[in-house]
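Student: Please show me the chain and its model. I would like to ask some questions about what is there.

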Amino acid sequence: IPFCELTDVEKAYDLDMALETLKVLQMLGCRVGPDSSRGYFEKKVFDLDPSVYQQSNGYVPSPLNLDAISLSHELESLANVLAENAHNVWAAKRISEGWTYGLSKDADNKRNPLLIPYNRLCESDKQSNLVTSMEGLRTIVGLGYSITHPETDSVSGLARTNLGLGRLRTFRVEKGGAITSGTAYYEVDILTDGHIRVGWCSPTMRIANENCGIGDTSDSYGYCCDLLIAMNAGTSNFLGMKCSKGDVVGCLLDLRQHTVSYTLN
């Protein structure tokens, strides 16, 4: 049925999820505003074939035509943050309504097998959340808005060649054993402002030149404290975890889950 005919509860849920997307963007320091570089904007919708899509009540969906809208690598990374948050928002709402975890879905007893941490969801469920988040971002862009970050001017403008970082100095402990199993964690006190990276690397990591640092090689993982991105092999994922002088950044390596995580204060 059309959106206007949904119940107030169903409308509220859809609106809440849309607002959560905008809240996360704001929390990450992103700016959403009209994209003046694109000139005149005309909203277009798909003209779906009624013989295929029309329901018995006469309803034919009319989604926006977003075929011409593509997301940058950084916005795709941002979609992962939104997808995880959407799952947590949904789970919190279900738990507040009295739902608990169960091996199978049981509406009568309010049990649901999806009340688990996001990283434990099966790939199909993660993909469903991710597709929804990406469509949300594509909708914002498709409606004539841009998503930018004040630290980078553009979330899609994090190319290494445009960072203008100059020379980098890399420091690592002189003595220490390689981590081969389990977990390891350390913290770094941020004593100055500017471009600072922390992270993990293999014992054989080689710095190619003075413009190369941790996160630029395939065997290193780094977090850029000022640019709000995690890096590996020169590619970046937008995290939005901004830190500055006086903060403490933690670096967690979990070889059981094959993950690298970062904490702030």
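Tutor: pLDDT is the predictor's confidence in each residue, from 0 to 100. The model is predicted, and local features need pLDDT of at least 70, side-chain atom pairs count only at pLDDT 80 or more, while totals for chains, interfaces and linings use all residues. Residues are numbered from 1 along each chain as its sequence is written, and side-chain values use heavy atoms, with hydrogens and water left out.

Student: Over which residues does pLDDT stay under 50?

Tutor: The protein chain averages a pLDDT of 79, and 83% of the residues score at least 70. One stretch stays under 50, and for this stretch the model has 31 contacts (heavy atoms within 4.5 Å) beyond four places in sequence. The stretch is residues 151–165.

Student: Which element has the lowest mean pLDDT?

Tutor: Elements here are DSSP runs numbered from the N terminus: helices (H or I, at least four residues) and strands (E, at least two). The protein chain has four helices and 11 strands. Among these elements, β3 has the highest mean pLDDT, 92, and the lowest, 74, belongs to β9.

Student: Which strands stand at the edges of the open sheet, and why is one side of each left without a neighbour?

Tutor: Strands pair if DSSP finds at least two bridges between them. Four strands form the open sheet in the order β6-β7-β8-β9, with antiparallel pairing. Each edge strand has a single partner strand, so one side is left without a neighbour in the sheet; these strands are β6 and β9 (235–238).

Student: What is the bridge partner of G222 in β8?

Tutor: β7 and β8 run antiparallel and are joined by four bridges. In β8, the partner of G222 is M231.

Student: Is K105 buried or exposed?

Tutor: K105 lies in the loop between β2 (100–101) and β3 (111–112). Beyond its neighbours within four places in sequence, K105 is in contact with W99, R111, N112 and P113. Buried means under 20% relative accessible area, exposed over 50%, and partly exposed in between, with a 1.4 Å probe and protein chains only. The relative accessibility of K105 is 62%, so K105 counts as exposed.

Student: Which element gives the most to the largest nonpolar core?

Tutor: A nonpolar core is a set of buried Ala, Val, Leu, Ile, Met, Phe, Trp, Tyr and Cys residues joined through side-chain atoms within 4.5 Å. The largest has 38 residues, and L25, L137 and I147 are among those with the most contacts inside it. Elements giving two or more residues include α1 (8–27), α3 (73–96) and α4 (123–142). With five residues, the element that gives the most is α3.
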